[in-house]
Amino acid sequence: MNKNLLYLFLFILAGCSENKQNSPNVFFSGEIVNPTSEHVVLYKGDVVIDSSALDENNMFTFKLDSIEDGLYHFNHAPEYQYVFLEKGDSLLIRLNTVDFDESLVFSGTGEEINNFMIEIFLANEGEKNLIDDYYGLESKEFARKIDSLEQLKIDLLNDLTLEAELSEKALQIAKANIVYNYATFKERYPFRHKRLSAKKEVPNLPEGFYDYRKDLTYNNKNFTYLRPYYEYMVNHFGNLSYMSCSRGCDIKDKMVRNHLHFNKHKLKLIDSLVEEKELKDNLFRNVAIDYLLKVHDTEANNKIFIEVFHALSGNNKHISEIDDLYEGIRNIQPNKRIPNIEVSNFNGEKVSLQNIAKNNKTVFYFWSGSNKKHLENISKRVMELSQIKPNYNFVGINIQTKDDEWKALTQTVGFDNTNQYRADNFEELTKALIVYPMNKCIITENAMIVDAFGDMYRSFK
Ligand SMILES: [Zn+2]
């Protein structure tokens, strides 16, 4: 953008600011240097509000009528960042995708709160390693360090309120962005400290360690999609469940292994403490995904879990996603036939997984052209395993890669073409086979599942 034009634009924006209260409209626009996608999409929570195509100058523009004041986020794939919008705002951003967050600058009405949010975001990123080291400290010293980092940010916010007039809502969000971030570290402390100090028990904490909790809320819907708030809630319920299970429930030492009990207990705690529907739905979803996707419990236990989930949260906004996941996992239990999904071979012909896996021992593994490091490692691993496990047929399923790139990469890493297939419908495939994590493999014998949650590195010792 021409510099003079930019100044003119800013000047006009400044001129508009006096009328802020009078206009219900919000203008949000900006320039993306080195765009990585053709669009900018604006969200409120997980709902798309609007999307704007970049023009020939890589500019996007949103003109929004009477939207609710509050926290939004914009996505320029694959990155996203917050934007706080209030009626009458005329906000301009400039960002360079090479340093997405670091380069982001807001100007115009509403710039103060937004530049502050990004400043805090960057400070948090910068403190991560420092705080990882603090977890080794004893609890009083840890709390002192965390409190002083928090106070620095609160001071910055107080300075800002002297210079700029923030609305009540903006101030509340800015404060929550700080407070919940530091509270999260304290919720994590007992577990991180235990691990770092290689002790058997979580440490005894001094009285007052959790005092901050009484000032925090489970029920402010303006915070639901504020990252530090959600992170806090996830860690807080992990902490509460652990403490109440290890003290109150009759499973003491076995607790870590009793995932079903622990996760049911967590659902019940969330249910009893959180009233705000959307936060509750999101936290319930988090527990379900964590349990179903990572624990690989028995079919019977999964069934008990999903029944409890339905009883407590049958109207969850994510219920169909959770049900699909549960069904997908139920269908790939041992001794069931591998789902009859079709994939394409090197000649472009459709072949079903059941056909590929019949009459032999097969290991299905997965790779994508977008993850070169993983491809490099997995191809080496496949060569290795083919040598030491010659009775297995190792079959690669490619996901989310264009046909010609798939073929080229297959040649580059030296895969045998006859054992390589490509998923035409990634969504269908991952729903049926639960492709997570990327190193997972599915082991079958005569098309019957032996282990659908195998691991290319750990399953063949
Ligand atoms: Zn319990």
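Visitor: Let's call a residue buried if 20 or more other C-beta atoms, placed from the backbone, lie within 10 Å of its own, exposed if 12 or fewer do, and partly exposed in between. Where does that put N58, buried or exposed?

Guide: In between: N58 counts as partly exposed because it has 14 C-beta neighbours inside 10 Å. Bear in mind that this is a predicted model, where local features need pLDDT of at least 70, side-chain atom pairs count only at pLDDT 80 or more, and totals for chains, interfaces and linings use all residues. Numbering starts from 1 along each chain as its sequence is written.

Visitor: Which loop is N58 in?

Guide: N58 is in the loop between β3 (47–53) and β4 (59–64). Helices (H or I, at least four residues) and strands (E, at least two) are DSSP runs, numbered from the N terminus.

Visitor: And what's phi doing at N58?

Guide: The phi of N58 is near 60 degrees, so positive in a residue that isn't glycine. Most residues other than glycine have a negative phi. H296 has a positive phi as well, near 55 degrees, and again isn't a glycine.

Visitor: Where's H296, and how exposed is it?

Guide: H296 belongs to the loop between α8 and α9 (299–313). With 14 other C-beta atoms within 10 Å, H296 is partly exposed.

Visitor: Changing topic: which residues are joined by cis peptide bonds?

Guide: A77 and P78 are joined by one, with omega about 5 degrees. Another links Y436 to P437, and there omega is about -10 degrees. Most peptide bonds are trans.

Visitor: Where do those prolines, P78 and P437, sit?

Guide: P78 is in the loop between β5 (70–76) and β6 (79–85), while P437 is in the loop between α14 (426–433) and β14 (440–445).

Visitor: OK, helices. How far does α6 reach?

Guide: Helix α6 covers residues 227–248, so 22 residues, and reaches 31 Å from its first C-alpha to its last. That's close to the 32 Å expected at 1.5 Å a residue, where the expected span is 1.5 Å times one less than the number of residues.

Visitor: Which α6 residues are buried, and what covers them?

Guide: The buried ones are P228, Y229, Y232, M233, H236, F237, S241 and C245. Their cover includes α5 (168–196), α7 (259–273) and α8 (277–295); contact here means C-beta atoms, placed from the backbone, within 7 Å.

Visitor: What about S246?

Guide: S246 is also in helix α6, but S246 counts as partly exposed, with 16 C-beta neighbours inside 10 Å. The C-alpha atoms of S246 and F262 are 9.7 Å apart, though 16 residues separate the two along the chain.

Visitor: How do α7 and α8 pack?

Guide: At an angle of about 175 degrees, with their axes 10 Å apart. Axes are lines fitted to C-alpha atoms, for helices over the stretch in contact, and angles run from 0 to 180 degrees between N-to-C directions. So α7 and α8 are roughly antiparallel (over 145 degrees; under 35 is roughly parallel, 65 to 115 roughly perpendicular, the rest oblique).

Visitor: Which residues make that contact?

Guide: From α7, H259, N263, K266, L267 and I270; from α8, K280, L283, F284, V287, Y291 and V295.

Visitor: And how does α7 sit against α9?

Guide: Their axes come within 10 Å and cross at roughly 5 degrees, which makes α7 roughly parallel to α9. On the α7 side, L260, N263, K264, L267 and D271 make the contact, meeting N301, I304, F305, V308, F309 and L312 of α9.

Technical notes
Two residues are in contact if their C-beta atoms, placed from the backbone, lie within 7 Å.
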